[in-house]
Amino acid sequence: MASFLHNFLLFFCSLSLLILTSSATKSQTHIPIRPNKLVLKVQKDRATNLHVAQIHKRTPLVQFPFVIDLNGRFLSVNCENQYTSSTYKAPVCHSSQCAKADSHTCRTCSSSKPRPGCHTNACGLLTTNPVTQQSALGELAEDVLKISSTQGSSPGPMVTHPQFLFACAPSNILQKGLPKNVQGVAGLGHSPISLPYQLASHFGFPPKFALCLTSSRGNNGAVFFGEGPYFMKPGIDVSRQLTYAPLTIGQQGEYYVNVQSIKINNAMLPSIPKGGFGGALISTTTPYTTLQTPIFRALNQLFMNQLRGVPQVKPVAPFGACFDANRIPTSKMGPTVPSIDLVLDNKHNIMWRIFGANAMIQPRPGVMCLAFVDGGMRPKAPIVIGTQQLEDNLLQFDLMNSRLGFSSSLFLRGTNCANFNFGTSSTSTDP
């Protein structure tokens with residue numbers, strides 16, 4: 001009898017341990033990953049010089065290219081181009097999703113059969129092409145979005161946002177001025193349903209993201225969501241040693257920094273308005289920094305004065321100051337020309353320094369031009385900082401603390417924005 005009881009207890013304990021182990025293992029496999037950092041792969045389009053991100057959406061999952069729009073309020077998608085997904089939903093008008101998207105318009109559709117982008121009593125959102133500025137009313141929608149997690153040095157498992165809000169935009173506004181085959185625009189602006197805010201809210205990390213756009217066509221730059229570190233080969237954390245300046249938010253969620261003055265080789269640009277030039281808009285859909293006409297003329301003149309000894313040549317549109325490229329030597333920082341400083345705080349000597357690689361462009365063989373263009377007398381902002389000046393710089397947008405962290409050229413640190421190790425990301429482990 002004692003032997004029977006001993007064997008029974010052994011069997012019972014072993015069975016209980018097996019059940020507990022099995023339950024724990026099963027439970028672990030269904031715990032969603034809660035990453036503190038995410039990453040998107042971004043490439044520079046050869047034809048338009050716009051930067052395009054690869055985003056995974058729908059059920060079944062499909063990867064599509066989207067133009068990066070730093071100031072866009074949300075993800076806009078061409079739903080008229082065979083959008084097929086079993087998880088697509090169109091929130092009804094006046095729902096909580098509509099309130100989150102700040103949609104106060106109810107939209108109807110004339111089609112007899114509902115389809116993505118065409119539902120009756122759906123929320124309306126004004127969608128805009130960031131290049132042509134053409135706008136049209138679209139439909140608020142939600143669907144699955146997947147994105148690679150990361151610890152900062154390479155992509156990790158893909159994670160899921162199951163109810164990501166976006167706008168179905170009419171196809172006719174997402175064609176002109178944009179790269180071929182893109183399926184929409186990825187908005188990173190200050191808005192409740194932009195990529196940074198939705199991802200931060202869903203995965204539980206602070207609303208912070210960083211741009212590292214590459215100047216190399218065919219290579220990959222990156223957009224990081226979440227706090228650093230962000231490592232570029234050979235093991236350099238580019239989120240360290242950043243300079244910080246206040247970040248101002250425009251009425252439509254755009255990002256501005258205050259430029260108080262501009263210097264070239266430490267020589268001050270003349271005729272500075274009282275209080276500085278005001279808010280400089282940062283833009284990923286403007287190829288070259290655009291200046292109000294008086295600023296453009298003054299900058300060109302001062303730059304030409306500082307680059308003495310290099311013959312000027314006939315300007316190549318749209319640039320205003322061009323030179324004999326054969327007379328300009330190069331270094332690791334690009335063409336050896338006077339550096340340009342955007343002074344963001346005179347009192348604390350906070351400057352965004354622009355070196356030759358970002359300051360100059362070679363529009364044709366033998367000609368090198370200052371990569372700033374004339375925006376006319378009434379541009380959207382006196383200064384619009386374009387992608388030529390953003391590339392191979394890390395820009396970190398800290399939305400919680402309203403500040404911009406910037407690195408200046410990563411060439412100074414022996415790396416660049418094409419040096420993130422994308423490799424091959426793992427498959428999803430989400431339930």
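Are C109 and C118 buried or exposed? In this predicted model, C109 is buried, and C118 is likewise buried. These two cysteines are joined by a disulfide with an S to S distance of 1.5 Å. The link of C109 and C118 is left-handed, with -85° about the S-S bond.

Across the whole structure, six disulfides were found. When the bonded cysteines are counted along the chain, the pairing follows the pattern 1-8, 2-4, 3-7, 5-6, 9-12, 10-11. One of these bridges is formed by C79 and C168, whose sulfur atoms lie 1.9 Å apart. Distant parts of the chain are linked by this pair: C79 belongs to the loop between strand 4 (75–78) and helix 2 (96–100), whereas C168 belongs to strand 8 (residues 155–169), 89 residues apart. A torsion of -75° about the S-S bond makes the link of C79 and C168 left-handed. C79 counts as buried because its relative accessibility is 6%, under the 20% cut-off. C168 is buried as well, with a relative accessible area of 3%.

A further disulfide connects C212 and C417, with the sulfur atoms 2.0 Å apart. This pair, too, links distant parts of the chain, since C212 is located in strand 10 (residues 208–212) and C417 in the segment after strand 32 (403–409), 205 residues apart. The link of C212 and C417 is left-handed, at -80° about the S-S bond, and both cysteines are buried.

The largest pocket encloses about 700 Å³ of space. Its lining comprises 25 residues, of which D69, P130, Q133, T285 and K380 are the closest to the pocket centre. By class, 10 of the lining residues are nonpolar, 11 are polar and four are charged. Strand 6 (residues 122–128) gives the most to this lining, with three residues. Both domain 1 (37–205) and domain 2 (231–413) take part in the lining of the largest pocket, each supplying at least three residues.

Helix 3 spans residues 195–203, and its buried residues are L195, P196, Q198, L199, A200 and F203. In an α-helix, residues three or four places apart point the same way, because there are 3.6 residues a turn. Helix 3 is followed by G204, which has a positive phi, near 80°.

Methods:
Residues numbered from 1 in each chain as written. Predicted model: local features only at pLDDT ≥ 70, side-chain atom pairs only at ≥ 80, totals over all residues. Heavy atoms only, no water. 1 Å grid on protein atoms, 1.4 Å probe; cavity = no way out; pocket = protein on both sides within 12 Å on 5 of 7 lines; lining within 4 Å. Points joined across faces, edges and corners; volume = space filled by probe spheres on them. Helix = DSSP H or I, 4+ residues; strand = E, 2+ residues; numbered from the N terminus. Nonpolar A, V, L, I, M, F, W, Y, C, P; charged D, E, K, R; others polar. Domains from an automatic or database assignment. Buried < 20%, exposed > 50% of the residue type's maximum accessible area, 1.4 Å probe, protein only. Disulfide = S-S within 2.5 Å.
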